[in-house]
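Open the model in your viewer and keep the sequence beside it. This tour goes one selection at a time.

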Amino acid sequence: MKCQHPGCQRSLVTDCISPKLSEINHFDSLDDYIQAKLIEEGIKYYCPEHCQQYGYCWNCGTYQADRNDIKFRKTGLCRQCSRDNDSA
Ligand SMILES: [Zn+2]
Ligand SMILES: [Zn+2]
């Protein structure tokens, strides 16, 4: 699996969950083929650099609505992951 950013050759990627996919709260009740289709459309694969560029946390792949969040801009991590990192 390679980063989906055009021209990027990195193969170390994170599964990025699009906001569209994470908004579906009845996901488990959907038919398997619908789930598969949603996952195919809703999950992107980006390297850490492009995760951040597209607004995803490179550690857990969660979409960050506020890309201008200071912590996210600095580390590329969502609040949850940067908190985990701080305590580690
Ligand atoms: Zn990339
Ligand atoms: Zn995260």
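Helices (H or I, at least four residues) and strands (E, at least two) are DSSP runs, numbered from the N terminus. The model is predicted: local features need pLDDT of at least 70, side-chain atom pairs count only at pLDDT 80 or more, and totals for chains, interfaces and linings use all residues. Residues are numbered from 1 along each chain as its sequence is written, while chains are lettered from A and ligands numbered from 1 in the order in which they are written.

**Whole chain.** Show the cartoon. The chain has five helices and two strands. Follow the sequence and the pattern reads β-α-α-β-α-α-α. The C-alpha trace spans about 40 × 30 × 25 Å along its principal axes.

Now colour by burial. A residue is buried if 20 or more other C-beta atoms lie within 10 Å of its own, exposed if 12 or fewer, and partly exposed in between; C-beta atoms are placed from the backbone. Of the 88 residues, 24% count as buried.

**The strands.** Select residues 14–17, strand 1. Its side chains alternate. T14 and C16 point to one face and are buried. D15 and I17 point to the other and are not buried.

Add residues 43–46, strand 2. The two strands pair in the antiparallel sense over four bridges. (Strands pair if DSSP finds at least two bridges between them.) Which residue of strand 2 stands opposite C16? It is K44. The bridge partner of T14 is Y46. K44 and Y46 form the covered face of strand 2, whereas I43 and Y45 form the uncovered one.

**The core.** Keep Y46 and add C47, C51, Y56 and C57. These have the most contacts inside the largest nonpolar core, which has 13 residues. A nonpolar core is a set of buried Ala, Val, Leu, Ile, Met, Phe, Trp, Tyr and Cys residues joined through C-beta atoms within 7 Å. In soluble globular proteins, nonpolar side chains tend to be buried together.

Centre on C47. Leaving aside neighbours within four places in sequence, C47 is in contact with C3, C8, R10, L12 and V13. Contact here means that two C-beta atoms, placed from the backbone, lie within 7 Å. Among contacts between residues at least 6 apart in sequence, 51% join residues at least 24 apart.

**Last stop: F72.** Select residues 70–75, helix 4, and find F72 there. Why does F72 count as buried? Because 20 other C-beta atoms lie within 10 Å of F72. Beyond its neighbours within four places in sequence, F72 is in contact with Q64, R67, L77 and C78. Finally, draw a line from F72 to G55, 17 residues apart along the chain: their C-alpha atoms are separated by 8.6 Å.

Notes
Two strands pair if DSSP finds at least two bridges between them.
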